[in-house]
Amino acid sequence: MNNQTTAPQELAERRQALRLFLGGGVIASLASFLYPILRYILPPKTVEQTSESVLAARVGELKPNTGKVFRFGSRPALLTLTSDGKYHAISAVCTHLNCTVQYRSDLHNVWCACHNGMYTPDGANISGPPPRPLEAYDVVLKGDEIYVRRKGNG
Amino acid sequence: MSAAGRVKDWLDERFGWHEIRTFIEHKTVPVHRFSYWYFLGGMTLFLFTIQVITGILLLLYYRPTPNDAFESVQYIMTQVPFGWLIRSIHSWSANLMVFTAAAHMFSVFFLKSYRKPRELTWLSGMLLLFLTLGFGFSGYLLPWNTLSFFATKVGTDIAGLMPGLGPWILTFLRGGEDVTGATLTRFFGFHVAVLPGIAATLIALHLLLVQRFGMSVPPSVEAAWQARPGDRKEIRFFPNFLLRELMAWYVVLAILGGLAALKPWELGVKADPFGAAPPGIRPEWYFMFMFQSLKFIPAKIWIFDGELLGVMGFGAAFLAWTLVPFFDTGRRGWVQKFVTGVGVFGLGFIGVMTLYAYTAK
């Protein structure tokens, strides 16, 4: 047979080459299974639709020193009417761990129920665990409608 | 030959029924003053069985979409005959199971049963404990109420804090950037398919290892028995220990039935993704110590995010705890004492933080 004439050195090399092909083939096929699965489990990115203005409320809907959570694109936002008669709009997603904040009339500030974080009505973080201020939005009055839009989209 | 005898012979010829019988007949359990702790693992297994049965029953009516989930659980609780009972048992049993699994883990920890050759038994047990918490976390969201909605937001956000893989894990868990219907669908899949599959495999491994090595005897008892071999006591597993274990299961069943009947599990208010988090928002009791600790950590510690440091700290602590058999090999006395001290501190920390979370205003 052929084997008897093949040197042991050459045999070992052949075996190594076969192992490489076999191992490489198995790894390549596993990778070809895993790659689509890994891509599949992460959902496709959705388009943010928050560039335009959103109708948050109507004039008179909010009493002074109250607030309202409304839908701003795919996330909640907070519109407040402070005691001095000014409207403020900020993101309602707490910068700490993502809970939705609310306006507390008794504290005259914005409060997160989850971990006791506190912000001013214009979004500055003043106490508790929040690491960053809430994003502030522009408030635009058109007739009796109150529109909110991202800053700098005027 | 009787019919039963023929069946026995038939089985014996096929897979050695006789050997299994002999094994069961010879299996013994040591008897000493800590023997009661041996019941906890079996109790956890019993509760897991109840979870599987009641979980399958809940699947008959539950619908995992944001529009239907809350209403379908409401339907189970109010319209389906005994629906309130099945769901209450599932919820209460889940909580009892976390409790017995944790108690089992601590008893194994303090009795030092994780020593050689039982390192893998301990590891598989720790994985099962984390899996139990995963079951709790994913199941909590399924009724789609306000409490569970915000608890899931916070919980997944914490997972997302992990450096490097964090954002990837966050998107994977939520099925997007926010907690939405996509999250509910995923959690449902984890809860009823992924986790049960892993759990069944790990439980089989865990039980197999327990059979292989038998029950561990705590070092102090072992030393006493070596000094006075006459004191060594054992009982047969079948039927002596099994009957005692069954008594323990009945006690668990009584507690479970009492809780489910007298305090049916609440449904709460349907989640509103565009509403504010209500006051009194909190996770399940077994996550409370972490929740409370994170509240105490300031936003910034030097240049680091306080939250991140806290989460990393817990992660490191859990990892070290899981790897304890490899630190405490039982060869050095001071290591043994130190590990026990750390265990007492850990248990105390969890106890105090949990108590504080429920009592502080």
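**Exercise 1.** Determine which residues Cys114(A) is in contact with, leaving aside its neighbours within four places in sequence, and then place Cys114(A) in the largest nonpolar core.

*Solution.* Begin with the criterion, by which two residues are in contact if their C-beta atoms, placed from the backbone, lie within 7 Å. Applied to Cys114(A), and with the neighbours within four places in sequence left aside, this gives Cys94(A), Leu97(A) and Cys99(A) in chain A, together with Phe150(B), Val154(B), Ala277(B) and Ile281(B) in chain B. This is a predicted model, in which local features need pLDDT of at least 70 and side-chain atom pairs count only at pLDDT 80 or more, while totals for chains, interfaces and linings use all residues. Residues are numbered from 1 along each chain as its sequence is written, and chains are lettered from A and ligands numbered from 1 in the order in which they are written.

Next, turn to the core, where a nonpolar core is a set of buried Ala, Val, Leu, Ile, Met, Phe, Trp, Tyr and Cys residues joined through C-beta atoms within 7 Å. A residue is buried if 20 or more other C-beta atoms lie within 10 Å of its own, exposed if 12 or fewer, and partly exposed in between. The largest such core has 77 residues, and Cys114(A) belongs, with Leu78(A), Cys99(A), Val101(A) and Phe150(B), to those that touch the most other members. Helix H5 (residues 83-110) of chain B provides the largest share of this core, 11 residues; helices (H or I, at least four residues) and strands (E, at least two) are DSSP runs, numbered from the N terminus.

**Exercise 2.** Describe the contact between chain A and chain B by residue count and by class.

*Solution.* The count comes to 25 residues of chain A in contact with 24 residues of chain B. On the chain A side, strand S2 (66-72) and strand S3 (75-81) each supply at least two residues. For the classes, Ala, Val, Leu, Ile, Met, Phe, Trp, Tyr, Cys and Pro count as nonpolar, Asp, Glu, Lys and Arg as charged, and the others, Gly among them, as polar. The chain A side then divides into 15 nonpolar, eight polar and two charged residues.

**Exercise 3.** Explain why H7(B) is described as roughly antiparallel to H8(B).

*Solution.* Take the geometry of the pair: helix H7 (residues 146-160) and helix H8 (residues 166-174) of chain B pack at an angle of about 150 degrees, with their axes 7 Å apart. The axes are lines fitted to C-alpha atoms, for helices over the stretch in contact, and angles run from 0 to 180 degrees between N-to-C directions. Because angles over 145 degrees count as roughly antiparallel (under 35 as roughly parallel, 65 to 115 as roughly perpendicular, and the rest as oblique), H7(B) is roughly antiparallel to H8(B). Thr156(B), Ala159(B) and Gly160(B) make the contact from H7(B), and residues including Ile169(B), Leu170(B) and Leu173(B) make it from H8(B). By class, the contact has five nonpolar, three polar and one charged residues.

**Exercise 4.** Decide whether Val251(B) is buried or exposed, and locate Val251(B) in chain B.

*Solution.* Val251(B) is found in helix H11 (residues 237-262) of chain B. Its 12 C-beta neighbours inside 10 Å make Val251(B) exposed. For the chain as a whole, buried residues make up 29% of the 361 residues in chain B.
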